[in-house]
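Q: Hi! I have a chain with a ligand on my screen and would love to talk it through with you. Could you have a look?

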Amino acid sequence: MHVLKAVELTKIYGGTHGSAAVRALDSFNLLVKAGEFVGIMGPSGSGKTTILQILGTIDVPTSGRVFLGEREITGLKGKELAVFRRKHMGFIFQDFNLLDALTLKENIILPLVLEGHPVAEIEARLEALSRRLDIAKVLSRHPYEVSGGEKQRAAAGRALIHRPDLVLADEPTGNLDSRSARALMDALDGLNREEGATMVMVTHDPVTASFCSRILFIKDGRLVTELRRGKDRARFFQQILDTQAAIGGDGHDPA
Ligand code: ADP
Ligand code: MG
C-alpha cells in the first residue's frame, strides 16, 4: 500500500509580467510505501524544497497530482486543507519553528490539544515520545532555554505526536552540530522503525541521508537515480558520496 503518490508533478515559477519562467519540477513522480524513510538529495536549486512544499500542501503544482492514501490532496482548499494538513501531516523545518511563548511540552502537544484529544492520552503519548527523543528533562523549558539539538528533537516530537500519515522534513540537521544531528537522526530512525512513521526528508548532508531507507537524487527537477540502503549504513554512506560526486554539486546553498 502506498501512503504517498505524486504523479507527473511540474512546477513553473514566474513567466508572467515579463519575468523569466523557471521549470523547478519537470514531470516528477514519487511512490512512498507505508513505513519508508525516503531522502531527497540534489544540487542547490534542483527542486528539493519545491517537492516538499507541494507534498506538504504548502504550495500547489502547475500540473500533476498528489495522493495521500486514497485521498487526492492537490485541490484541497481553505479550512478543509488546514484541517487535513493538521491531522495527517507533520513537519520538521531547518529553523525549528517552535513558538517561543510556549514551553517545549506545550509546543509538542499543541496538535493534539487543537484536535481535542483526552488529557490522559496526550500525557501518555508525550511521555513515550519525549523519552525516545531524550528531552524528558527539558519539557518545562522554553525554546530559548535549550540547545539547538533539544529544540529540533522537540520539533520532531511535535511533528510525530499525532501519528501523522506522513512526516516531511526539510534540512532538519541544517542548523545542528554533528553530534546533535546524529542524536536527532538516531531518534528519527528509531521512531521510523518502532512506529512505522513514514517520512520524506530533504538533506544535503550524506551522514544525515545515510539514515534513510531509500534516497532519490534529483537534478533540474527530474529524478536522476535512486539508492536503497542495505544492512550496512557505512557502505550506504559511501554510495551516497559516490553518487553525489557523479551528479555534481553537494546541494549546499551558496552563502
Ligand atoms: P532546492 O531546494 O533544491 O535548492 P528549490 O526547490 O528551492 O531548490 O528551487 C528550484 C528552482 O526554482 C530554483 O531554480 C529556484 O531558484 C526556483 N525557485 C524556487 N522558488 C521560487 C519562487 N518562489 N519564485 C521563483 N523561482 C523559484
Ligand atoms: Mg531547498
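Q: Thanks! To start, what percentage of the 255 residues of the chain count as buried?
A: Happy to help! This is a predicted model, and in it 48% of the 255 residues count as buried.

Q: And what is the radius of gyration of the chain, set against a compact globule?
A: The chain has 18 Å, which agrees with the value near 18 Å that a compact globule of 255 residues would have. Along the principal axes, the C-alpha atoms fill a box of roughly 50 × 45 × 40 Å.

Q: How many helices and strands are there?
A: The chain has eight helices and ten strands.

Q: Okay, on to the ligand. Which residues are closest to ligand 1?
A: Gly45, Gly47, Lys48, Thr49 and Thr50 are the closest of the twelve residues that surround ligand 1. By class, that shell has six polar, four nonpolar and two charged residues.

Q: Which polar backbone atoms are its oxygen atoms close to, and at what distance in Å?
A: A polar backbone atom of Thr49 is 2.9 Å from an oxygen atom of ligand 1. For Gly47 the distance from a backbone polar atom to a ligand oxygen is 3.0 Å, and for Ser46 it is 3.2 Å.

Q: How much of the accessible area of ligand 1 does the protein cover?
A: On its own, ligand 1 has 560 Å² of accessible area, and the protein covers 60% of that.

Q: Which element gives the most to the shell?
A: That is α1, with three residues. The elements giving two or more residues are α1 (48-55) and β2 (22-33).

How values were computed
Residues numbered from 1 in each chain as written. Chains lettered and ligands numbered in written order. Predicted model: local features only at pLDDT ≥ 70, side-chain atom pairs only at ≥ 80, totals over all residues. Heavy atoms only, no water. Near = heavy atom within 4 Å. Polar contact = N/O pair within 3.5 Å; in protein donor to acceptor, adjacent residues only side chain to side chain. Areas by Shrake-Rupley, 256 points an atom, 1.4 Å probe, with all protein chains shown as cover. Helix = DSSP H or I, 4+ residues; strand = E, 2+ residues; numbered from the N terminus. Nonpolar A, V, L, I, M, F, W, Y, C, P; charged D, E, K, R; others polar. Rg over C-alpha atoms; globule rule 2.2 N^0.38 Å. Buried < 20%, exposed > 50% of the residue type's maximum accessible area, 1.4 Å probe, protein only.
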